[in-house]
Amino acid sequence: MEPIPFAIIGGGWRAEFFLRVARALPERFRVSGILARSAEKGERLTREWGVPTVRTLDDLLREKPLFAVVSVPWAVSPQMLTDLTDRGVPALAETPPAPDLNGLIAVNRLTARGGRIQVAEQYHLQPLHAARLRLAASGRLGRVSQAQVSVCHGYHGISLLRRLLGIGFENASLTARRFVSPLVAGPGRDGPPAEERVGDSSQTLAWLDFGERLGVFDFTGDQYFSWIRGQRVLVRGDRGEIQDEEVRYLEAFDTPVSYSLRRMNAGENGNLEGLYLKGILGGAEWLYRNPFIPARLTDDEIAVASCLDKMAEYAQGGDDFYSLAEASQDYYLSMMLQRAEETGAPLLTETQPWA
């Protein structure tokens, strides 16, 4: 099987996630080219990644990529998606696909013009979250009525909440507050801290009340890199719950079952299979199996690789995996959450055209 050819529009920090995956999985993916805004940036990308770069979209598409990853600033994304739609090229847009509500409404009109667009939301494809989502949808917890997520910011966190709750485009009542507290700074994108420094840590706490289902959003931006601020997930149904890696549910009204979600890795304790994640085991059941063995990938890189894999299927006539409408709904809810946080007043969402 030939590797899947895809192009990248943009050469920033996020674009490098896709480049790393393609480098780690050359038998699965091939970057046919990168559209970079300047010759200097293009030369750097070619030097670092060994991928040809161009300055125009037409030059990028001459290599006949199966699809294009649009990894550009929010304000530029809608025009790029329009240009790709006009040329009949499927697009995998970075999150979010437009900067504001009007932009979201406008970009969703592209689907009526034949636009083939998905969005590269990867959190629900990370192994542990994928295992939790499978459990939540399995019925073992009963009817899920509450999800509390402290994992990632804004629309990313909302996408997990919505999927754990089984919510589509239903409206919600939103209440949000901000809490600021001191925190010793940890590492950042550029590596570990050079010295001890105490700064303000801003935490957002929000309720998304969908009637019989409640989403609780809790996040501080320090969680992405901090050594002392971890992630938390709680999913509750009438027959059981998931609390981080612990699972409890009733097999019968008088038969409780409990187990831990276990990461199964090759390469531990003298194992000679390699160094990679095998999957997530819940009791005796594989809730998640890594489809990219034996590549050495982080959980987030596995999720990005899954985006590319699913996008290739979609570009060849397959189903949505994270549609433009779904991404727009998550970003709309995120914008409403931010407004509720700023005003301190509860807000009601409204049904949008993409629903």
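Start with the largest pocket: 44 residues line it, and Trp13, Arg14, Phe17, Gln122 and Arg189 are the ones that lie nearest its centre. Keep in mind as you look around that this is a predicted model. The space in that largest pocket comes to about 1,100 Å³. Several helices chip in to the lining, with helix H4 (77–86), helix H6 (127–138), H7 and H8 each supplying at least two residues. Of the contributors, H6 gives the most, with three residues.

Two of the residues nearest the pocket centre, Trp13 and Arg189, also have something going on with each other. The charged end of Arg189 sits over the ring of Trp13, 3.5 Å from the ring centre. You can find another arrangement of this kind at Tyr314, where the charged end of Arg116 sits over the ring, 3.9 Å from its centre.

From there, move on to rings paired with rings. Searching the whole structure turns up eight aromatic pairs. One of them joins Phe6 and Phe67, whose rings are stacked, 5.6 Å centre to centre with 10° between the planes. Phe6 belongs to strand S1 (residues 4–9) and Phe67 to strand S4 (residues 67–70), so this pair ties together parts that are 61 residues apart in sequence. Is this pair buried or exposed? Phe6 has 0% relative accessibility and so counts as buried, and Phe67 is buried as well, with a relative accessible area of 0%. Now look at Tyr155 and Tyr331, where the ring centres are 5.4 Å apart and the planes stand at 85°, so this pair is edge-to-face. Here the link runs between helices: Tyr155 lies in helix H7 (residues 154–165) and Tyr331 in helix H9 (residues 324–343), so the pair ties together parts 176 residues apart in sequence. Both Tyr155 and Tyr331 are buried. Back at Phe6 and Phe67, there's a third ring to add, as ring pairs link Phe6, Phe29 and Phe67 into a cluster.

Helix H2 is worth a walk around its axis. Which of its residues are buried? In H2 (residues 39–49), they include Lys41, Gly42, Leu45 and Trp49. These four cover an arc of only 100° around the axis, which puts them on the same side of H2. The general helix geometry helps here: an α-helix has 3.6 residues a turn, so residues three or four places apart point the same way. Turn to the other side of H2 and you'll meet Glu40, Glu43 and Arg47, which are exposed. And what covers the buried residues of H2? The cover includes helix H1 (15–24), strand S2 (29–35) and strand S3 (53–54). Just past the end of H2, Gly50 takes a positive phi of about 70°.

Glycine isn't the end of the story on positive phi. Lys64, a residue other than glycine, has a phi near 55°. You'll find Lys64 in the loop between helix H3 (57–61) and S4, and at 67% relative accessibility Lys64 counts as exposed. Asn269 is another non-glycine residue with a positive phi, near 50°. Asn269 sits in the loop between strand S14 (255–266) and strand S15 (276–282), and with 82% relative accessibility Asn269 is exposed too.

While you're checking the backbone, have a look at two cis peptide bonds. One joins Thr95 and Pro96, with omega about -20°; Pro96 lies in the loop between strand S5 (91–93) and helix H5 (101–108). The other runs from Ile293 to Pro294, with omega near 10°, and Pro294 is in the loop between strand S16 (285–289) and helix H8 (299–315).

A last stop is Arg87, in the loop between H4 and S5. Arg87 is partly exposed, with a relative accessible area of 39%. Which residues does Arg87 touch? Leaving aside residues up to four places away in sequence, Arg87 touches Leu57, Asp58 and Leu61. For a sense of the distances, Arg87 and Ile158 are 71 residues apart in sequence and 32 Å apart in space, C-alpha to C-alpha.

Terms used: Residues are numbered from 1 along each chain as its sequence is written. This is a predicted model: local features need pLDDT of at least 70, side-chain atom pairs count only at pLDDT 80 or more; totals for chains, interfaces and linings use all residues. Side-chain values use heavy atoms; hydrogens and water are left out. Rings of Phe, Tyr and Trp (its six-membered ring) pair if their centres lie within 6.5 Å; planes under 30 degrees apart count as stacked, over 60 as edge-to-face and the rest as tilted. Buried means under 20% relative accessible area, exposed over 50%, partly exposed in between (1.4 Å probe, protein chains only). A charge sits over a ring if NZ of Lys or CZ of Arg is within 6 Å of the ring centre and within 35 degrees of the ring normal. The arc is that of the directions from the helix axis to the C-beta atoms. Contact means heavy atoms within 4.5 Å. On a 1 Å grid over the protein atoms alone, a cavity is a set of points where a 1.4 Å probe fits but cannot get out, and a pocket is an open set with protein on both sides within 12 Å along at least five of seven lines; lining residues have an atom within 4 Å of a point. Grid points are joined across faces, edges and corners, and a volume is the space filled by probe spheres set on the points.
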